[in-house]
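Subject: Handover of a structure and summary of findings

Dear colleague,

Please find below the structure that I am handing over to you. After it I set out what was found, in plain terms and with short explanations where a step of reasoning calls for them.

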Amino acid sequence: MKAMNQKKLLAGVFLLVVAMFVCYAYGAGSDAKAKPLRLKEFKVDRKVSAEARECIDCHAVESRGIVADWADSRHAHINVTCLDCHAAGAADADVSKAHFEHDKTPVSTIVSPKDCSRCHPSEAAEYNRSKHAQTLELIWKIDPWMNDGMNNATERVTGCQHCHGSIVKVKDGAYDPGTWPNVGVGRINPDGSKGSCSSCHTRHKFSVVEARKPEACGQCHLGPDHPQIEIYHESKHGAIYAAEGDEWKWDSAPGTWTAGVDYRTPTCSVCHMSEVNGVAASHDVTERLAWETQAPLTVRPSEFKPMPAKTDWKVERKKMETVCLACHSPAWTKGHFDHFDAAVENYNETYYKPMKKVVDELYEKKLLSKDKNLDEKLEYDMYELWHHEGRRARFGAAMMAPDYAWWHGFYELKKRCIEIEEQVEELLESGKPARVHQIKGATGDTTKPKFDKK
Ligand code: HEC
Ligand code: HEC
Ligand code: HEC
Ligand code: HEC
Ligand code: HEC
Ligand code: HEC
Ligand code: HEC
Ligand code: HEC
């Protein structure tokens, strides 16, 4: 019974796809709007309602890129239509007002993790407990740019929001442009749910293949302060991915994507998310971590005070090691983690703690002002010490990139310490407080939003 339905569906979808290709070939070189889909070739399965079909027909003309992506997706192949995702209750705050002019079915543009959770409850639940989903709350606990208003709305909208997300607001049936569009990992949606599944599964293909490739993560995990994609490209794993990845099998069903069979070296997804060697897949990227290597002082995730993880680092380290053991010996794996843990210790003890100590003394002596962070030169040096080279040293050691561990990491730390020490000595000698700068564009709203306790 199930198999029969599936066959029928496949036949239906096949025709649909053929119809679209015919239409495209036809439309090429001429005015696309003049060539609507030819409905006669559209064999409709009974599961696709007339209402759902209208969306596809009209959008095949209005926004053919969207329909083409959707038609190429798993969703289209199993008749999950526009309406399944975009239908809204007539009374929902975010029903599109503009859309009423084309179609009387209430639709809303945002399809939130809550909407996806109707059909993908476990991915949504795992995602919801990850640090990805909680990032806005965390930023408002610890970040100086936000809490001291050191940057302005434009800088936040074009920067932070695209990676971290925004609190999306709706006004008169349209999204407030100060808060949308973005698909940041911790976006708070009008329905209260957190994040955006299209951070990694771009619409409208929502492809597992895409998410398994490192580029899906590298859109946010790059740059001076979190260069994971650059680190990956430098690593042997990344070099082999670049040389041979085209030939690997990327679309195996989840749980069957196998190390050594489907791929030869791991991607971000393999180490952090996919099912490997008996370690269960998870959409909670906080799993498998034994350190908070992005923090000023490296601590265990459960000891990270602003947002303690509910994990036990020993359990998570075992999971990560089990991933490696799919392809490496226990001794090789242990050797790697010994080096990494030593790098963490070296960063904490040799660089971060001593510099923190001398700079804290300046605050006590009022030679540095506690009023705002990032309005004195020394504060920038201290920030970059942990946020730039200090992270690069730790991440480089964690993910097998010696250039990041040393040249972009420990080497730069040594140089930064000289710069900090020279300024500390000057301030102590002169006894005059450091110059406080009027930072350009420091007009950001510092009102802390309220976050649900959950
Ligand atoms: C008769 C044509 C037509 C039909 C039918 C139609 N749409 Fe649209 N839709 C449009 C046009 C044109 C836009 C772009 C601008 C706008 O919203 O006015 C649009 C925009 C959208 C948007 C973005 C909303 C926004 O405010 O920008 C979504 C989501 C959407 N459509 C989904 C759907 C769904 C789901 C259906 C089926 C229930 C559907 N559309 C049916 C023409 C149509
Ligand atoms: C699996 C769920 C899903 C399906 C099926 C789906 N969409 Fe979407 N759509 C999304 C998500 C997620 C977004 C991103 C909105 C956001 O997060 O801001 C989106 C965004 C959009 C937008 C606005 C974005 C833009 O680039 O302008 C339009 C228009 C739209 N969808 C139309 C459609 C149409 C037409 C169909 C059917 C051919 C469709 N969608 C099918 C989930 C879906
Ligand atoms: C009406 C139910 C439904 C909704 C709503 C829905 N999906 Fe799906 N989705 C499915 C089904 C069914 C499959 C196919 C599962 C399979 O092949 O085993 C699927 C498959 C997927 C896949 C795997 C694709 C691949 O390449 O193998 C991803 C990723 C996905 N969905 C993401 C999403 C996201 C993100 C949303 C919300 C924006 C969403 N889905 C909304 C039913 C749904
Ligand atoms: C290119 C994407 C991107 C932009 C732009 C960006 N961030 Fe981030 N941010 C990240 C990533 C990725 C991490 C995770 C770092 C890690 O764990 O390696 C992060 C981490 C953080 C953290 C540390 C969270 C923790 O767990 O302690 C804070 C705070 C933060 N960002 C604030 C901001 C603010 C404020 C802005 C804008 C002024 C901003 N970020 C801009 C991607 C970005
Ligand atoms: C941080 C990136 C990222 C985000 C955000 C993300 N995913 Fe995924 N997703 C992945 C990766 C990577 C895989 C492949 C994992 C694997 O190999 O098993 C995947 C696989 C999937 C699959 C296929 C797994 C299966 O068992 O069928 C579904 C469905 C899915 N995601 C849904 C979602 C939903 C729903 C959301 C939002 C709540 C979401 N994803 C958000 C990265 C992401
Ligand atoms: C849209 C931007 C974006 C994408 C895409 C993205 N991330 Fe992130 N990621 C972030 C941000 C922002 C943070 C910082 C969250 C925080 O700590 O506040 C983060 C944090 C993390 C962390 C640290 C979690 C913790 O508990 O400390 C890991 C691990 C991670 N991401 C892995 C991934 C992987 C793997 C992918 C791809 C499958 C991915 N990310 C895709 C933005 C992104
Ligand atoms: C070979 C496995 C492997 C690959 C591939 C890999 N990572 Fe990692 N990653 C690790 C290990 C190991 C750590 C350190 C874990 C710990 O805390 O003990 C780590 C740490 C991280 C962290 C820091 C988390 C924190 O808050 O301390 C982020 C973010 C991250 N990885 C993202 C990525 C991204 C994005 C990619 C792909 C561009 C990637 N990783 C590729 C193994 C890997
Ligand atoms: C899917 C298989 C696979 C997985 C999983 C895997 N690796 Fe690898 N790894 C390889 C291959 C293949 C090489 C290249 C071997 C060579 O250089 O001959 C490699 C190389 C390395 C290297 C050598 C780097 C250098 O500069 O020479 C280290 C270290 C390493 N892996 C550590 C790890 C750790 C730690 C994990 C788990 C977090 C891991 N690998 C997971 C396949 C894997």
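Is His 272 buried, partly exposed or exposed? His 272 is partly exposed, because its relative accessible area is 23%, and a residue must fall under 20% to count as buried. Please keep in mind throughout that this is a predicted model.

**The chain as a whole**

The protein chain has 454 residues, of which 42% are buried. Its secondary structure consists of 20 helices and two strands. Among the contacts between residues at least 6 apart in sequence, 58% join residues at least 24 apart.

**Three iron sites**

His 272 brings us to the iron atom of ligand 7. This iron atom is coordinated by His 272 through NE2 and by Met 399 through SD, at 2.1 to 2.3 Å. The two residues come from distant parts of the chain, 127 residues apart: His 272 belongs to helix H16 (residues 268–272), while Met 399 sits in the loop between helix H19 (377–398) and helix H20 (402–430). Met 399 is partly exposed, with a relative accessible area of 25%. Why is the arrangement around the iron atom of ligand 7 octahedral? The six donor atoms subtend angles of 87 to 179 degrees, and this makes the arrangement octahedral. For comparison, ideal angles for six octahedral donors are 90 or 180 degrees.

The iron atom of ligand 2 has two histidines as its protein donors, His 86 (NE2) and His 204 (NE2), which lie 2.0 Å from it. Here too the site is octahedral, with angles of 88 to 179 degrees among the six donor atoms. His 86 is in helix H5 and His 204 is in the loop between strand E2 (174–175) and helix H12, so that this pair links parts of the chain 118 residues apart. His 86 counts as partly exposed, at 21% relative accessibility, whereas His 204 counts as buried, at 15%.

The iron atom of ligand 6 has His 132 (NE2) and His 221 (NE2) as its protein donors, lying 2.1 Å from it. The pair is 89 residues apart, with His 132 in the loop between H7 and H8 and His 221 in the loop between H13 and helix H14 (228–234). The site of this iron atom is octahedral, with angles of 85 to 179 degrees among its six donor atoms. His 221 counts as partly exposed, at 32% relative accessibility.

**The second largest pocket**

The second largest pocket has a volume of about 1500 Å³. It is lined by 50 residues, and those closest to its centre are His 120, Glu 123, His 201, Phe 206 and Val 208. Which helix supplies the largest share of the lining? That helix is H7, with five residues. Several helices each supply at least two residues, among them H4 (74–77), H6 (113–117) and H12 (208–212). By type, the lining divides into 23 nonpolar, 16 polar and eleven charged residues.

Phe 206 also appears among the residues that Ser 198 touches; the others are Val 183 and Arg 203, not counting residues up to four places away in sequence. Ser 198 lies in the loop between E2 and H12, and it is buried, with a relative accessible area of 14%.

**An enclosed helix**

Helix H8 (residues 135–142) is largely enclosed by the rest of the structure, because six of its eight residues are buried. The buried residues are Thr 135, Leu 136, Glu 137, Leu 138, Ile 139 and Trp 140. They pack against helix H9 (144–147), helix H10 (153–158) and helix H11 (160–164).

**Two residues with partners far along the chain**

Glu 54 is found in helix H2 (residues 50–62) and counts as partly exposed, at 46% relative accessibility. Glu 54 and Asp 103 are 49 residues apart in sequence, and their C-alpha atoms are 8.9 Å apart in space.

Lys 236 is in helix H15 (residues 236–244). At 67% relative accessibility Lys 236 counts as exposed. Between Lys 236 and Ala 401 there are 8.4 Å in space, C-alpha to C-alpha, although the two are 165 residues apart in sequence.

With kind regards

How values were computed:
Residues are numbered from 1 along each chain as its sequence is written. Chains are lettered from A and ligands numbered from 1 in the order in which they are written. This is a predicted model: local features need pLDDT of at least 70, side-chain atom pairs count only at pLDDT 80 or more; totals for chains, interfaces and linings use all residues. Side-chain values use heavy atoms; hydrogens and water are left out. Donors are N, O and S atoms within 2.8 Å of the metal (3.2 Å for Na, K and Ca); water is not among the atoms, so sites may look incomplete. Four donors count as tetrahedral if all angles lie between 85 and 135 degrees; four count as square planar and six as octahedral if opposite donors are over 155 degrees apart and all others between 65 and 115; anything else is irregular. Helices (H or I, at least four residues) and strands (E, at least two) are DSSP runs, numbered from the N terminus. Buried means under 20% relative accessible area, exposed over 50%, partly exposed in between (1.4 Å probe, protein chains only). On a 1 Å grid over the protein atoms alone, a cavity is a set of points where a 1.4 Å probe fits but cannot get out, and a pocket is an open set with protein on both sides within 12 Å along at least five of seven lines; lining residues have an atom within 4 Å of a point. Grid points are joined across faces, edges and corners, and a volume is the space filled by probe spheres set on the points. Ala, Val, Leu, Ile, Met, Phe, Trp, Tyr, Cys and Pro count as nonpolar, Asp, Glu, Lys and Arg as charged, and the others, Gly among them, as polar. Contact means heavy atoms within 4.5 Å.
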